[in-house]
Amino acid sequence: MRIGLNAIFAIVLSLFWSFAAQAQAVPDRAPTATIDVHTLPAIGTVNFDVEKATNAYLAQVTGEARSKSDAYFEGGYLLLFLDALYALLISALLLWLRISFEMRRYAESITRSRFWQAPIYVAMYVVITTVATFPLTLYESFFREHAYGLSNQNFLQWLGDFGIGFAVNFIETTIALTILYAVVRASRRTWWLWSTLVAVIFLALSFIVSPVLIDPLFNHYYSLKEGPVKNQILSLARANGIPATNVYEFDASRQSKRISANVSGFMGTTRISLNDNLMNRSTPREIQAVLGHEMGHYVLDHSVILLTWLGLMYFLGFVFVNWGFGLLANLFGGIWNVRSIDDPAGLPAVIALVTIFMLLSTPVFNTIIRTTEAQADIFGLNAARQPDAFATVTLKLSEYRKLDPSPLEEFVFYDHPSGRTRIFTAMRWKAEHIHDPDIQLEPVSPQ
């Protein structure tokens with residue numbers, strides 16, 4: 001019995017080790033599954049095409065509206081050159097007909113003081129050139145604006161604003177040029193350096209004075225009525241460190257249908273203002289988008305940046321005038337009876353040289369300003385977080401700005417980013433924030 005049990009145990013044990021050995025030699029295969037490998041879309045761009053959204057927004061302005069917008073803005077290209085040619089013609093007539101010489105001689109007959117001769121001459125110069133350019137001014141700012149449906153003024157209303165503008169220009173130009181001529185006489189060979197400093201100071205003063213003294217001459221400013229819009233604007237201002245406790249509205253509709261706003265002022269004169277066209281023609285989201293942009297100029301210190309860059313351009317302009325005036329005086333000074341750069345009779349030659357410099361520098365000046373505007377666009381998108389409202393308000397600006405220029409057009413003639421550039425910027429921003437809770441509540445962008 002014992003032998004039989006041992007035999008059975010031995011057989012079972014041998015079978016166990018046999019199966020174990022087979023299991024180690026040929027392991028069972030693990031179950032398999034098909035894995036689908038593909039490139040995941042970038043975070044923030046799921047089901048959202050920036051280019052399609054941009055094109056869809058631009059396609060909302062078509063037909064006569066698009067043609068009218070393009071024609072108005074492209075007409076400005078021609079006027080840029082026409083204005084320059086007109087200014088050169090007036091300067092030539094004043095010099096070659098010796099009218100400028102007679103003006104200086106009249107100033108000398110009134111006083112022997114060279115300091116006071118300058119404002120007497122400049123006052124006559126401003127009046128004469130204003131009268132001479134009046135036909136072109138009338139066409140550009142009255143008839144042309146009405147032809148494109150941009151002006152709300154009748155002739156008498158327009159003439160009233162023109163008169164105020166003339167008075168302001170008369171006072172500012174007379175004071176500024178009197179001081180500049182004094183600087184030129186005092187500094188002689190380095191006049192262009194000191195004149196740059198004086199010009200920058202005048203520009204800074206205009207930033208300070210205009211919001212509180214000049215702008216109210218043309219429009220009535222009043223506190224924006226209490227309500228959600230005002231609360232949102234002040235909240236946005238506080239969040240971005242803007243020291244404003246009130247928001248002002250002004251009656252720009254008495255002049256035109258253009259929408260605008262600004263955070264203006266400098267060194268204690270800061271003021272948040274928006275015109276009644278923006279209030280009446282825009283949604284609360286669009287108002288936030290516009291004010292976010294305007295606050296960007298303040299927060300990013302664009303006043304100081306523009307002072308710096310424009311100061312550099314003034315410097316280059318004065319250097320150009322110094323060189324050009326010396327050349328012209330050597331060639332024609334005897335005919336014009338112009339003695340030197342500090343002679344007021346040479347002002348038409350100075351203005352002609354400034355006109356040439358400004359025309360040639362148009363792309364540079366526009367790029368300086370356009371760069372700050374693009375920076376304010378991005379700031380406004382981050383601050384107000386209203387990309388679609390920014391896109392729709394950009395379409396409203398197309399009433400007087402061509403939406404989709406060529407890159408060369410934009411570089412040369414645009415002092416703001418084009419409509420395409422601004423809408424693309426807004427849609428690109430939205431794509432990168434598409435999963436943010438507040439952006440998911442935004443209107444659906446067209447695709």
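The following exchange between a student and a tutor works through a predicted model of a single protein chain.

Student: How many helices and strands does the chain have?
Tutor: Before counting these elements, it helps to know that buried residues make up 44% of the 447 residues in the chain. Among contacts with a separation of 6 or more, 78% are between residues 24 or more positions apart. As for the elements themselves, the chain has 17 helices and four strands.

Student: How far apart are the end C-alpha atoms of helix α3, and what span should its residues give?
Tutor: Helix α3 covers residues 63-96, which makes 34 residues, and each is taken to add 1.5 Å. The helix should therefore span 50 Å, and this agrees with the separation of its end C-alpha atoms, which is 49 Å.

Student: Where is the kink in α3 centred?
Tutor: The axis of α3 bends by about 25 degrees at the kink. Beyond the helix comes Arg98, whose phi is positive, near 60 degrees, but the kink itself is centred on Leu78.

Student: Is Ser91 buried or exposed?
Tutor: Ser91 is found in helix α3, and the buried residues of that helix include Arg66, Tyr72, Phe73 and Leu94. What covers the buried residues of α3 includes α2, α4, α5, α11, α12 and α15. Leaving aside neighbours within four places in sequence, Ser91 is in contact with Pro348, Ile351 and Ala352. Because its relative accessibility is 2%, and the cut-off is under 20%, Ser91 counts as buried.

Student: Why is strand β4 described as largely enclosed by the rest of the structure?
Tutor: In a regular strand the side chains alternate between the two faces of the sheet. In β4, Arg271, Ser273 and Asn275 lie on one side, with Ile272 and Leu274 on the other, and both faces are covered. The strand is therefore largely enclosed because five of its five residues, 271-275, are buried.

Student: Which strand runs parallel to β4, and which pairs with β4 in the antiparallel sense?
Tutor: Four bridges join β4 to the strand of residues 247-250, where Tyr248 stands opposite Ser273. Four bridges also join β4 to the strand of residues 261-264, where Ser264 stands opposite Arg271. The parallel partner is β2, and the antiparallel partner is β3.

Student: Which residues touch the most other members of the largest nonpolar core?
Tutor: In soluble globular proteins, nonpolar side chains tend to be buried together. The largest nonpolar core here has 28 residues, and those that touch the most other members are Phe325, Ile341 and Leu347. At least two residues of this core come from each of α3, α5, α6, α7, α11 and α12. With neighbours within four places in sequence left aside, the contacts of Ile341 are Tyr181, Val184, Trp191, Val321, Val350 and one of the three residues asked for, Phe325.

Student: How many residues of helix α14 are buried?
Tutor: Helix α14 spans residues 387-397 and is mostly covered. Its buried residues, including Pro387, Phe390 and Leu397, pack against α2, α10, α13, α16 and α17. Of the 11 residues in α14, the number that are buried is nine.

Methods:
Residues numbered from 1 in each chain as written. Predicted model: local features only at pLDDT ≥ 70, side-chain atom pairs only at ≥ 80, totals over all residues. Heavy atoms only, no water. Expected span 1.5 Å × (residues − 1). Bend = angle between axes of the 7 residues up to and from the residue. Buried < 20%, exposed > 50% of the residue type's maximum accessible area, 1.4 Å probe, protein only. Contact = heavy atoms within 4.5 Å. Pairing = 2+ DSSP bridges. Core = buried A, V, L, I, M, F, W, Y, C linked by side-chain atoms within 4.5 Å.
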